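The report below concerns the empty space in and around a protein chain, together with one part of its surface. The sequence and the structure come first, and the text then turns to the surface, the pockets and the enclosed space.

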Amino acid sequence: MKFQGSQTYVATQDLMLAVNAAITLKRPLLVKGEPGTGKTMLAEEVAAALNMPLLQWHIKSTTKAQQGLYEYDAVSRLRDSQLADVDGGERVKNIHNYIVQGVLWQAFTADTPVALLIDEIDKADIEFPNDLLREIDRMEFYCYETRELIKAKHRPLVFITSNNEKELPDAFLRRCFFHFIKFPDAVTMQQIVDVHFPGLKKDLLTAAMKTFFDIRNLPGLKKKPSTSELLDWLKLLVAEDIPLEALQSKDDKVAVPPLVGALLKNEQDVTLFEKLVFMQRHNR
């Protein structure tokens, strides 16, 4: 079982090696990189390429590790116990009716191997990764309410993404295979664009790519535009039928592009960019 890329996802050689190394080692693949570089999509594409179902767990600041295992719905059981006369209380007697299985439980008990995405793990509390150490390492956990030991029938292929908002514990890192997705260079970026916009005119693509990288290379940007934002921008250029001339400046200097709001996402960056254009136009 090896990942060799897909027609809809441009994977660099080092990224494919990282995925296959995680498969060989039977360890989670921890993927870092700036937002918009395709970390989440990687799990989706690998699962599709290897013909594996994908379970996704999108982490929030309030997410607890227990939710990935299971949750005991005590409130519903209490309510049903108060209405026990309806069915003689048969439902209340079976505690399994009030156990809500989390994605880890589902992944462990699946009849076929699955891929599991734990997305943006750094959004959760700092203790969240530590709380999952045993389960990810041993591929089992104990359900105290039902007195069951839930063991993985098949070891899932685990993807964990992080935007580097928080440092992850060393003990957690030791259990993962790590890969950092570098921002694509111009050649790789063009391959990515070709996948999504195969019919895009070459002149328009060249001008759009130049504008995009000019903006990314602008010093002092609070948030540099990402791959996903470039794709959104190109989609808008095509939809609005923006002419090539709108992306080109006569003196080869940076110009404010149309629909720049798809690339710059805060007022400081827009102001900085407009100041640069103003200074260049006035030769200051």
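In this predicted model, Tyr142, Tyr144 and Leu149 together make a nonpolar surface patch of about 340 Å². Of these residues, Leu149 belongs to strand E7, which runs over residues 148-151. Leu149 has a relative accessible area of 45% and is therefore classed as partly exposed, a value that also lies above the 30% required of a residue in a patch.

Turning to the open space, the largest pocket has a volume of about 630 Å³, and its lining is made up of 32 residues, among which Tyr9, Gly36, Thr37, Gly38 and Lys39 lie nearest the centre. Several elements supply at least two residues each to this lining, namely helix H1 (13-25), helix H2 (39-49), strand E9 (177-180), helix H10 (186-196) and helix H12 (227-239). The greatest contribution to the lining of the largest pocket comes from H10, which gives four residues.

The second largest pocket has a volume of about 220 Å³. It is lined by 13 residues, and those closest to its centre are Met1, Ile23, Arg155, Pro156 and Leu157. Two or more residues of this second lining come from each of H1 and strand E8 (157-162). Helix H1 is also one of the elements that supply at least two residues to the lining of the largest pocket.

As for enclosed space, the count comes to one cavity of 30 Å³ or more, and the space in the largest cavity is about 30 Å³. The residues that line this cavity are Ile121, Asp122, Ala124, Asp125, Ile126, Pro129, Lys166, Glu167 and Leu168.

The table sets out the make-up of each lining by residue class.

| Space | Nonpolar | Polar | Charged |
|---|---|---|---|
| Largest pocket | 13 residues | 13 residues | six residues |
| Second largest pocket | ten residues | no residues | three residues |
| Largest cavity | five residues | no residues | four residues |

Which classes, then, are found in the lining of the second largest pocket? That lining holds ten nonpolar and three charged residues, with no polar ones. The lining of the largest cavity likewise has no polar residues, being made of five nonpolar and four charged ones, whereas the lining of the largest pocket includes 13 polar residues alongside 13 nonpolar and six charged ones.

Definitions and conventions. Residues numbered from 1 in each chain as written. Predicted model: local features only at pLDDT ≥ 70, side-chain atom pairs only at ≥ 80, totals over all residues. Heavy atoms only, no water. 1 Å grid on protein atoms, 1.4 Å probe; cavity = no way out; pocket = protein on both sides within 12 Å on 5 of 7 lines; lining within 4 Å. Points joined across faces, edges and corners; volume = space filled by probe spheres on them. Nonpolar A, V, L, I, M, F, W, Y, C, P; charged D, E, K, R; others polar. Patch = residues over 30% accessible without salt bridge, like charges linked within 9 Å, V, L, I, M, F, W, Y side chains within 5 Å. Areas by Shrake-Rupley, 256 points an atom, 1.4 Å probe, with all protein chains shown as cover. Salt bridge = Lys/Arg side-chain N within 4 Å of Asp/Glu carboxyl O. Buried < 20%, exposed > 50% of the residue type's maximum accessible area, 1.4 Å probe, protein only.
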